[in-house]
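Trainee: Hi! I'm new to this one, could you walk me through it?
Mentor: Happy to. Let's pull it up and go topic by topic.

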Amino acid sequence: MEAGDLKHFLADQPPSVVPLEIEKHFEALSDKQKRYAHFISKACFAGTRIVLRQISPESEPTYDLILTLHKSCNGDWETLAKKAGIEQTELTSFLEYAAMFLGNNGNYKSFGDSKFLPRCSEKSVAALAATSPEATKFLEATKGAIFSHEKPGLMHLGFIDAGHMSTYYPDSPDITQAEIEAVSAWMEKKGLLPENNRLRKNSDGSFDVLIASAVTSVPAQGGDIGKESTFTIEDGVLKGRIIRLVFGDYAAEMKAISVYMKKAAENAENETQRSMHTNYSESFATGSLQAFKNAQRDWIKDKGPMVECNIGFVETYRDPAGIRGEWEGFASMVNLERTRAFGELVAAAPKLIPLLPWGKDFEKDKFLSPDFTSLEVLTFAGSGIPAGINIPNYDDIRQNEGFKNVSLGNVVSAKAPNEKVPFIQENDLEIYKKYRDASFEVQVGLHELTGHGCGKLLQETSPGSFNFDKENPPVSPVTKKPITTWYKPGQTWGSVFGSLAASYEECRAELVAMYLSCEFPVLKIFGFGDGSANMDGEAGDILYASYLSMARAGLASIELWDPKSQKWGQAHSQARFSILKCFLEADGDFCKLKYTADDLSDLSIELDRSKILTSGRAAVADYLQKLHVYKSTADVETGTRFYNEMTRVDPDFWGNKVRKVVLDNKQPRKVFVQANTTLDESTGNVSIKHYEPSLTGIIQSWVDRDL
């Protein structure tokens, strides 16, 4: 890789290390609630090594290298540097890399899926490691991959046969995308859910489905598809190949997690919580995703808890096939004041959803009112922390039983000092800075609740049974003709749209938020305006900041498009880029990129506030309607072609000129320092420890929780 390209893969200098403020919310809990939160937190972080192994072969030994070096010098990095004979600047660069690594739980960015490299020399890291025999062992185990960049494809996560990195398919150097998809089709046919597994191709051409579980053989009661563990594929391109179900992936971690879940159940506040954690424990012990789904059903029923949580193999963004989940888990406290507004939004949702640009045939018969809470995060284990969550991701539960929404308040409000704001014009900066957090909270609320929560999948639910009138099918508002496609028995949104599903759905949810944020009664719920459509007041400022933020996010997203692989590195970024294109293509010069310099160095966004409610919203409605109808009707061919066109990057203007100026103005992404809790076994009391938001502070927090 050329030096000019390489600079964009270097670790942030420095990374923006910010704290997750939680103390007052944690201290407000009862002793029992603190113990409940503690055991959930321990379970979440017990999966740290799972995440590392899901990212790259070198991530786990790199993690051990960082922690071992800290322990070897008891946190006195200056003395260690002198002992190693390296300069202060080299030490600082290593600590910056270490903080960024721990903040992403691996050496690929959680937002962007691209590898990052230390700015210090390989020689300096070797000198640091040489001060400790154990550290040397871990450095050797990375096999030089901390610094390697010779193969550009390996700088990004993706399918192995495309030259990218993925450890969802371990020890399988010649596995192809076609083989992965064929095995996925077999699993779907057998009714074996994929979220908690990895896939290995053996040298004899057989395949092992590696199931995360504490048990290392088929559970005594059988797995989710019975006691059989060896199968022969009966049809398709892999006809005659053997597939084995191999239990015990991450066995040690899953055993520890299962035990912590049992202890959480012992400290639960009610029977629903006890059942939830008992089901979690069973799932993590036996590898049963049916037990996990039962835990999610209990989670939906656990309305208004003081301590909120979810844990497991949840989001499928990082598997190139888009079906296998990354380990994550969170424990958090409810912010009652902020939750009030979200409760009012839930109450308003049944009146808001019919305003969306499709008819009742493409919407659920009844909106399943969810719990929607604003949370303050104690623990969020995984590769990154989102601003909001809408789960569970199982369509059958979401469609028929419900879901929950959470907004993570202390994540949204966390700010790095002296943050720069490129691409916003000088005359917009005051409004943007004043209202970006508030507008983002409105956006997150609408995105999670009405975005992910709306819509009906038209299905043949079982052979010959349909959830719509098959003889008089609904008329598509896009084509003005009766629909001709729908989901067949056993198919899900994810299985049909595959790797495109995550980005496509995030785009649809973002567009719902953009469309419904134009409803001024929604802005009133959050304390802005009186509900009347007044673009000149504070509510208008919120709406303007929201559209401006989305346009800026779309522009900044081009960083995560790789010109060599022609690949988007992040689902949300791909979505936001397409929404910016939607804005730019709206009538009446609604949105423009403004610049005078040939190299675009003075690039900024010009958005006409007076046209948000007219041409801006109309463009959003048209884009949203198409995405929604194609999803609802399983029209994967049209939907894929349309979305790929909306997210296509013109290589000269966007991929070269715009991307260069975006990279030149790139701001470090925040990494969060999280607190740790400790249980006094003799008293049953839980204490909390906080850390400085610094390079050494974040390392210390990880050392303490690894004990």
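Trainee: Which backbone nitrogen does the side chain of Asp319 reach?
Mentor: That of Ile323, at 3.1 Å. Keep in mind as we go that this is a predicted model.

Trainee: Okay! And where is Asp319 found?
Mentor: Asp319 sits in the loop that runs between strand E6 (307–313) and strand E7 (327–334).

Trainee: Is Asp319 buried or exposed?
Mentor: Buried: its relative accessible area is 2%, and the cut-off for buried is under 20%.

Trainee: What does Asp319 touch, not counting residues up to four places away in sequence?
Mentor: Tyr168, Tyr169 and Arg324.

Trainee: New topic. Where does UniProt place the feature "binding site"?
Mentor: The UniProt record, an unreviewed entry, puts that feature at His447, His452 and Glu506. These residues span 60 residues in sequence, but no two of their C-alpha atoms are more than 8.5 Å apart, so they gather at one spot.

Trainee: Nice. Where is the place of His452?
Mentor: His452 belongs to the loop between helix H17 (429–451) and strand E11 (460–462). With 8% relative accessibility, His452 counts as buried.

Trainee: And which residues is His452 in contact with, leaving aside its neighbours within four places in sequence?
Mentor: His452 contacts Asn390, Arg398, His447, Glu505, Glu506, Arg508 and Ala509. So both of the other residues in the UniProt feature are among those contacts.

Trainee: What about Glu506, which helix does it lie in?
Mentor: Helix H19, residues 501–516. Glu506 is buried as well, at a relative accessible area of 7%. Setting aside residues up to four places away in sequence, Glu506 touches Tyr317, His447, His452, His572 and Ala575.

Trainee: Let me jump to Cys454. Is Cys454 buried or exposed?
Mentor: Cys454 counts as buried, with 4% relative accessibility. Its place is in the loop between H17 and E11, where His452 is found too.

Trainee: Which residues does Cys454 touch?
Mentor: Not counting residues up to four places away in sequence, the list includes Ile353, Leu356, Trp358, Leu449 and Arg508. Arg508 is also a contact of His452.

Trainee: Switching to charges. How many salt bridges does the structure hold?
Mentor: There are 41 salt bridges. One of them joins the side chains of Asp174 and Lys201, at 3.6 Å from N to O. That pair links distant parts of the chain, 27 residues apart: Asp174 is in the loop between helix H9 (133–141) and helix H10 (177–190), and Lys201 is in strand E2 (residues 197–201).

Trainee: How accessible are those two partners, buried or exposed?
Mentor: Asp174 is partly exposed, with a relative accessible area of 48%, whereas Lys201 is buried at 12%.

Trainee: Which residue does Lys189 form a salt bridge with?
Mentor: Asp235, with the closest N and O atoms 3.0 Å apart. Lys189 lies in helix H10 and Asp235 in the loop between strand E4 (230–232) and strand E5 (242–249), so the pair ties together parts 46 residues apart in sequence. Lys189 is exposed, with a relative accessible area of 63%, and Asp235 counts as partly exposed at 42%.

Trainee: One more pair?
Mentor: Sure: the side chains of Asp437 and Lys415 meet in a salt bridge, 2.8 Å from N to O. Asp437 is in helix H17, while Lys415 is in the loop between helix H16 (409–412) and H17, 22 residues apart.

Trainee: Which residues do salt bridges that share partners join into one network?
Mentor: Arg49, Arg53, Glu60, Asp64, Lys71, Glu253 and Asp706.

Methods
Residues are numbered from 1 along each chain as its sequence is written. This is a predicted model: local features need pLDDT of at least 70, side-chain atom pairs count only at pLDDT 80 or more; totals for chains, interfaces and linings use all residues. Side-chain values use heavy atoms; hydrogens and water are left out. Helices (H or I, at least four residues) and strands (E, at least two) are DSSP runs, numbered from the N terminus. Buried means under 20% relative accessible area, exposed over 50%, partly exposed in between (1.4 Å probe, protein chains only). A polar contact is a pair of N or O atoms within 3.5 Å; within protein, one must be able to donate a hydrogen and the other to accept it, and residues adjacent in sequence count only if both atoms are side-chain atoms. Contact means heavy atoms within 4.5 Å. UniProt positions are given in the numbering used here, feature names are shortened, and annotations may be inferred rather than shown by experiment. A salt bridge is a side-chain nitrogen of Lys or Arg within 4 Å of a carboxyl oxygen of Asp or Glu.
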